[in-house]
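Biologist: I'm new to this one and would like a close look at a single part, the sheet and what surrounds it. Could you walk me through it slowly?

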Amino acid sequence: MDVEKLSSMINSLSDLQSRLHNLRNVPPLLLKSSLPFSSLSIRNDFQQLKELADTIRSDPVQEALAAAATSEKADKSDLNRNGRREMRKRRHAHALFVLHLRFQALSRRPPSPPSPQPYIPYDKRGSSLFPPTTDDPPPLRADELANYIREYNRTSSCKLHIWTRIRGATQLSNPVIVRFTIRDVLVCYITMAYTAADPILLTESVTAFGPREKKSPHSQSDFLVYQSLSQQIAKMLQSHPRVSFQSLMNLMTTYEGIFIDRCTSCERVLSAEGHVPPVVRLWMDTTKANEKGQWQPRHASCPQT
Ligand SMILES: [Zn+2]
C-alpha cells in the first residue's frame, strides 16, 4: 500500500473518530428526549447521525476500517499493553453499536411479497379504532378539500398537498391523492374517493414512505418502519371505512413523534424485537368531564389493551 493511500485512510478514520466522539451523547439523548420532534437541535442531531452513518457506509471508510482491522490483528500484543487505548476503543465500539441499533430500525429490508396490501383479518365485532365522533364537524366533502388544506397548512407544522400526475391540473381527480408530509420524518400518500351522489371523501388507502424516498404513491417503502406504519393505518381504516378526513388527520399528526415517543406498554422507543418504533396509535378515552381522550403510541409487538 502506498503512503498517500495510507495517509488518506488514516485521515478519514481520524475524521470519523472525532465526529463519532462529538456525537457520542446523541443517541441516548434522542431516545430520552421529551422535546418535540420539531426542535431544531434534535433535527440537527438526526441529520448529523444520518451523515455519519452514510460516511461509515461509504467505500473509502469501509476499506480503511478493513485495513485497520488487518493491521490491528498483526499488532495485537502492542495494543493490549495499552489499557487506556483499549478502553477508548471499547467506548467507540459501544457508540457504533448504539448507532447500528438506531439505523437498523431504518435499514433496507428485501421487498416483501408482491401484494402491496397485507392480509388483515377483519374484526367481526367491527368496533372502530378511531375516537367517537359525536361532537365532530361533519365529514369533509370533495369540494371542501382545497380550503381545508389551506387552513391545515396555515396552522400545522405538518403539510398537505394535492398530488397530481399531470402538472398544473386544475380539476380535482377522482380518486384524489393527497400528500401528507412531516418534515424529516415521513411522507404519506392518502388516496380518497367520492361520487356525485355522495361527495364525502372516503379514504381508500394510506401509504407511508421515508422523507427522502422518491417513490410513486402506489408503490411500497423500502423501509420496515414505513411498511409497518402503512399496515397499521390499513387496519385502522378497515375498522372504520367511513372515517372522516379530519379524524384521519388527527391521527396522522401524532406520527410527528414516531422516532422519539415511547411505547406506553414497554416504555421503550424501539421495540425489543425488530427495533421498530411504536407505529400503533391506541385511542384512550378519559373518564374526566370536559376532557378528550388521547392517542397512545404502542409497538405492534406489544399488548394492544
Ligand atoms: Zn412496546
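To get us going: which residue in β3 does valine 176 stand opposite?

Modeller: That would be methionine 192, which stands opposite valine 176. Keep in mind as you look that this is a predicted model.

Let's stay with that pair of strands for a moment. Strand β2 covers residues 176–182 and strand β3 covers residues 186–193, and the two pair in the antiparallel sense over seven bridges. Another pairing to find is valine 178, whose bridge partner in β3 is isoleucine 190. If you follow the chain from β2 into β3, you go round a hairpin with three residues between the strands. Have a look at aspartate 184 in that turn: its phi is positive, at about 65°.

Now turn to the other neighbour of β2. Here β1 and β2 pair, again in the antiparallel sense, over five bridges. For a landmark, try lysine 159, which stands opposite threonine 181 in β2. As for how covered β2 is, five of its seven residues are buried, so call it mostly covered.

Step back and you can put the strands together. They make an open sheet of four, in the order β1-β2-β3-β4, with antiparallel pairing. The edges belong to β1 (159–163) and β4 (202–209); each has a single partner strand, so one side of each is left without a neighbour in the sheet. From one strand to the next, the twist averages 25°. There's a helix on this sheet too: α8 (residues 224–239) packs there, touching β3 and β4, and its direction makes about 165° with that of β4.

While you're here, two more helices are worth a visit. Helix α7 (residues 145–155) and helix α9 (residues 245–253) pack at an angle of about 30°, with their axes 13 Å apart. Since angles under 35 degrees count as roughly parallel, that is the word for α7 and α9. Their crossing is right-handed. On the α7 side the contact is made by Leu145, Tyr148 and Tyr152, and on the α9 side by Phe245, Gln246, Met249 and Thr253. Sorted by class, that contact has five nonpolar residues, two polar ones and no charged ones.

Finally, α9 itself: seven of its nine residues are buried, so this helix is largely enclosed by the rest of the structure. Among those buried residues are Phe245, Gln246 and Met249, each of which you've just met in the contact with α7. Ser247, Leu248, Leu251 and Met252 of α9 are buried as well.

Technical notes:
Residues are numbered from 1 along each chain as its sequence is written. This is a predicted model: local features need pLDDT of at least 70, side-chain atom pairs count only at pLDDT 80 or more; totals for chains, interfaces and linings use all residues. Side-chain values use heavy atoms; hydrogens and water are left out. Axes are lines fitted to C-alpha atoms, for helices over the stretch in contact, and angles run from 0 to 180 degrees between N-to-C directions. Angles under 35 degrees count as roughly parallel, over 145 as roughly antiparallel, 65 to 115 as roughly perpendicular and the rest as oblique. A crossing is left-handed if the near helix is turned anticlockwise from the far one by less than a right angle, and right-handed if clockwise. Contact means heavy atoms within 4.5 Å. Ala, Val, Leu, Ile, Met, Phe, Trp, Tyr, Cys and Pro count as nonpolar, Asp, Glu, Lys and Arg as charged, and the others, Gly among them, as polar. Two strands pair if DSSP finds at least two bridges between them. Buried means under 20% relative accessible area, exposed over 50%, partly exposed in between (1.4 Å probe, protein chains only).
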